[in-house]
Amino acid sequence: MIIDCHCHAGKGDKMTAPWNTNAPIGAYLRRARAAGIDKTIVLAPLHGNYQQANMQVARIVARYPNRLIGFVFVHAKRDAGRIFAMVKHAVTRWSFRGIKVHGIEGMPTREICETARAFRLPVLVDVISRPWVVDMFAPEYPDVNFIIAHLGSFTDDWRAHQQVTYQLVRYSNVYADTSGVRQFDYLVQALRRAGPGKVLFGSDGPWLHPGLELHKIRLLGLPPEEEALVLGGNALRLLQSVRSTPRPTTIKKSSKTQDGARSVADTNGWMEKIGG
């Protein structure tokens, strides 16, 4: 099974760049199907209100429940104090299976990490070419799995790619996705040093073509069993560890509630879909 672990869907509200204006899912899905991608993890574009943005994603996932898996986007600063409530709502009502954090808005906080721990959710983090922050949160939360977007840098920062590669080796709970990595040899280096169990295929669709991003993985020339891990096996393993009921946590729950949206699937139904 091929799983794209990084794609955006829905509309942003700032409208100053593609990534905060619109992430149309239609063209992406056509391209992904043509490329042979079976399932895709989707998350909102950058937005001024992630309660609204996550609801948009939930509706999109509900339209394509056999192909899409939702992640909760949270703003580390603006959503402080209500992150547990936002994530619980998304996990229990919409069957979302991860958290997204963008470093341009704020790096992972203890509130985010403890919420992820409570549900065993993977956290997809764009560290915006500042990989040293991984050395702060990864050892503090060794039981939380972090996926570092773009091998640490969407802007071709070779130093970030190198440092994240070292972190893949050093920390058992740190992974990286391949989306937008243009300097191909850094993907080769990451696979050689960290092994195929620490790298996940991602496209950063719809703005990058999923077929092109997938072809980069094919060009690595990995043995079939190793390629299968990168293309979907690693993502599947992380997703299957998620709890729909949180374990006890000391996080203070917000009294705020979100507007409802119909669940895309119950837990058992979702696990059947993701597994087959």
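Helices (H or I, at least four residues) and strands (E, at least two) are DSSP runs, numbered from the N terminus. The structure is a predicted model, so local features need pLDDT of at least 70 and side-chain atom pairs count only at pLDDT 80 or more, while totals for chains, interfaces and linings use all residues. Residues are numbered from 1 along each chain as its sequence is written, and side-chain values use heavy atoms, with hydrogens and water left out.

To start with the overall picture, the protein holds 10 helices and 11 strands. Of its 276 residues, 57% are buried, where buried means under 20% relative accessible area, exposed means over 50%, and partly exposed is in between (1.4 Å probe, protein chains only). The accessible surface comes to about 11,500 Å², and carbon and sulfur atoms account for 52% of that; the areas come from the Shrake-Rupley method with a 1.4 Å probe, and for residues only the protein chains shown count as cover. Contact here means heavy atoms within 4.5 Å. Among contacts between residues at least 6 apart in sequence, 77% join residues at least 24 apart.

Strand E4 is a good place to step inside. All 5 of the 5 residues of E4 (residues 39-43) are buried, so the strand is largely enclosed by the rest of the structure. In a regular strand the side chains alternate between the two faces of the sheet. In E4, Lys39, Ile41 and Leu43 point one way and Thr40 and Val42 the other way. Two strands count as paired if DSSP finds at least two bridges between them. E4 is joined to strand E1 (residues 3-8) by 4 bridges, and the two run parallel. E4 is also joined to strand E5 (residues 68-70), again in parallel, by 3 bridges. On the E5 side, valine 42 stands opposite glycine 70. E4, helix H2 (residues 50-63) and E5 together make a right-handed β-α-β unit; right-handed means that, with the strands pointing away from the viewer, the path from the first strand over the helix to the second runs clockwise.

On the E1 side, histidine 8 stands opposite leucine 43 of E4. Histidine 8 belongs to strand E1 and counts as buried, at 6% relative accessibility. The side chain of histidine 8 makes a polar contact with the side chain of histidine 6, at 3.4 Å. A polar contact is a pair of N or O atoms within 3.5 Å; within protein, one must be able to donate a hydrogen and the other to accept it, and residues adjacent in sequence count only if both atoms are side-chain atoms. Leaving aside neighbours within four places in sequence, histidine 8 is in contact with ten or so names worth listing in part, including Leu43, Lys100, Asp204, Gly205 and Pro206. Two of these, glycine 205 and proline 206, share a cis peptide bond, with omega near 0°. Proline 206 sits in the loop between E11 and helix H8 (210-219).

Another part of the fold is an open sheet of 6 strands, in the order E6-E7-E8-E9-E10-E11, with parallel pairing. The edge strands are E6 and strand E11 (199-200), each of which pairs on one side only. Within this sheet, strand E8 (residues 123-126) and strand E9 (residues 146-148) pair in the parallel sense over 3 bridges. Leucine 124 stands opposite isoleucine 147 in E9.

A second histidine turns up in a loop. Histidine 75 lies between strand E6 (72-73) and helix H3 (83-94), and counts as buried at 10% relative accessibility. A polar atom of the histidine 75 side chain lies 2.9 Å from the backbone nitrogen of arginine 78. Beyond neighbours within four places in sequence, histidine 75 is in contact with Tyr50, Ala80, Ile83 and Glu105.

Some local backbone features round off the picture. Methionine 15 has a positive phi of about 60° although it is not a glycine. Methionine 15 lies in the loop between strand E2 (10-11) and strand E3 (22-23) and counts as exposed, at 61% relative accessibility. Serine 129, also not a glycine, has a positive phi of about 65°. Serine 129 lies in the loop between E8 and helix H5 (134-140) and is buried, with a relative accessible area of 14%.

Helix H9 (residues 224-240) has a kink of about 55°, centred on valine 230. The bend at a residue is the angle between axes fitted to the seven residues ending there and the seven starting there. Valine 230 is one of the buried residues of H9, which also include Glu227, Leu231, Asn234 and Leu238.
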